[in-house]
Structure formats: C-alpha cells, structure tokens
Amino acid sequence: MAIDNPNIIDGIAIDKERNAIVLLLTDHLLWEGEDALSEFEHLNLLQDKINAYISYLESRQYEATYPNEQFSFAVIEIYFKYSVTENCEKFLNEVQNQIGQLGIKIEAM
C-alpha cells in the first residue's frame, strides 16, 4: 500500500466529530536526490492515486463497508515521508480548488 499502487486505498477511517469519511494516502518516495524519481514522475503517481480516491468517493464504493453512514464530506489525508517540493504544494492547491465543489478536502501531513 502506497503511492505507487493506485488500485488500493491505503487506509479508511471515519471522523465522527466532522462527520467525514477519511481516506489515507501514504507517500514514501523521495522528492529530491539521487534515488528519487523525477518530480514529474512523482507528481504523476500522486495524481493517479488521488484520481483513484476521487473515483472511489464519487462512485460511493464505501457504502459497501459503511452502509448506514451518511457523511457530510470526504477528506483525503496525504502523509508524506519527505518534505514536498513547491510544485507539489501548487499541485495540491490546484487539486483542492477543483475537488472542493465535490465535497472532498485534501489535507497534507
């Protein structure tokens, strides 16, 4: 489970206080350095994973696991092992601007 496997949700939780479903996304990859992917490749992996999460939420697949829950909104919590680049921050802000209207919030940790 990680950013390089877009077909798996890394984790799911319910935030009762906010009445939200929370999808956890983990990114263990380096952003810079000799062993890092290019920033472009890394951002593409992140985009693919976020798109898979959005699809999961839009299709309401979570209802199979939580049939009696009604959520006010959804949160995609992204846990980065390493500090992100400026371009990654810009990308996440742009994604948030686009998916906010769907009732989905991005939170980078």
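Q: Is Asn19 buried, partly exposed or exposed?
A: Relative accessible area is read in bands: under 20% is buried, over 50% is exposed, and values in between are partly exposed. In this predicted model, Asn19 has 29% relative accessibility, so Asn19 counts as partly exposed. Asn19 belongs to the loop between β1 and β2.

Q: What is the sign of phi at Asn19?
A: Asn19 is not a glycine, yet has a positive phi of about 55°. The backbone around Asn19 is a hairpin made by β1 and β2, with four residues between the two strands. Asp15 in β1 has Ala20 as its bridge partner in β2.

Q: Which residue in the loop between α1 and β3 should be read in a similar way?
A: Arg60 is found in that loop. Phi of Arg60 is near 55°, a positive value in a residue other than glycine. With a relative accessible area of 40%, Arg60 is partly exposed.

Q: What is the strand order of the open sheet?
A: To read a sheet, follow which strand pairs with which; a pair needs at least two bridges. Here the open sheet has four strands in the order β1-β2-β3-β4, and the pairing is mixed. β1 (11–15) and β4 (104–108) are the edge strands, each pairing on one side only. Neighbouring strands of this sheet are turned by 25° against each other on average, direction ignored.

Q: How many bridges join β1 to β2, and how do the two strands run?
A: Five bridges join β1 to β2 (residues 20–27), and the strands run antiparallel. One register point is Ala13, whose bridge partner in β2 is Val22.

Q: Which strands does helix α1 touch?
A: Helix α1 (residues 39–58) packs on the sheet and touches β1, β2, β3 (73–80) and β4. The direction of α1 makes about 160° with that of β2. Helix α2 (residues 86–99) also packs on the sheet, where it touches β3 and β4, and the direction of α2 makes about 160° with that of β4.

Q: Which residues of the largest nonpolar core touch the most other members?
A: A core is traced by joining buried nonpolar residues through side-chain atoms within 4.5 Å. The largest one here has 27 residues, and those touching the most other members are Leu46, Ile50, Leu57, Ile76, Ile78 and Leu92. At least two residues of this core come from each of β2, α1, β3, α2 and β4. The most come from α1, which gives seven.

Q: What is Ile50 in contact with, leaving aside its neighbours within four places in sequence?
A: With those neighbours set aside, Ile50 is in contact with Leu25, Ile78, Phe91, Leu92, Val95 and Ile106.

Q: How many salt bridges does the structure hold?
A: The criterion is a side-chain nitrogen of Lys or Arg within 4 Å of a carboxyl oxygen of Asp or Glu. The structure holds seven salt bridges. One of them joins Glu107 and Arg18, whose closest N and O atoms are 2.8 Å apart.

Q: Why does the pair of Glu107 and Arg18 tie together parts that are 89 residues apart in sequence?
A: Glu107 sits in strand β4 while Arg18 sits in the loop between β1 and β2, so the pair ties together parts with that separation of 89 residues.

Q: Is Glu107 buried or exposed?
A: Glu107 is buried because its relative accessible area is 14%, while Arg18, at 29%, is partly exposed. Leaving aside its neighbours within four places in sequence, Glu107 is in contact with Arg18, Val75, Ile76, Glu77 and Ile78.

Q: Which residues are linked in a network of salt bridges?
A: Asp15, Arg18, Lys105 and Glu107 are linked in such a network.

Q: Where do Lys90 and Glu86 lie?
A: Both lie in helix α2, four residues apart, which is about one turn of the helix. Lys90 and Glu86 form a salt bridge, with the closest N and O atoms 3.3 Å apart. Glu86 has a relative accessible area of 56% and is exposed.

Q: What do the side chains of Glu63 and Arg60 form?
A: They meet in a salt bridge, at 2.8 Å from N to O. Glu63 counts as partly exposed at 34% relative accessibility, and Arg60 counts as partly exposed at 40%. This is the Arg60 with phi near 55°.

Terms used: Residues are numbered from 1 along each chain as its sequence is written. This is a predicted model: local features need pLDDT of at least 70, side-chain atom pairs count only at pLDDT 80 or more; totals for chains, interfaces and linings use all residues. Side-chain values use heavy atoms; hydrogens and water are left out. Axes are lines fitted to C-alpha atoms, for helices over the stretch in contact, and angles run from 0 to 180 degrees between N-to-C directions. Contact means heavy atoms within 4.5 Å. Buried means under 20% relative accessible area, exposed over 50%, partly exposed in between (1.4 Å probe, protein chains only).
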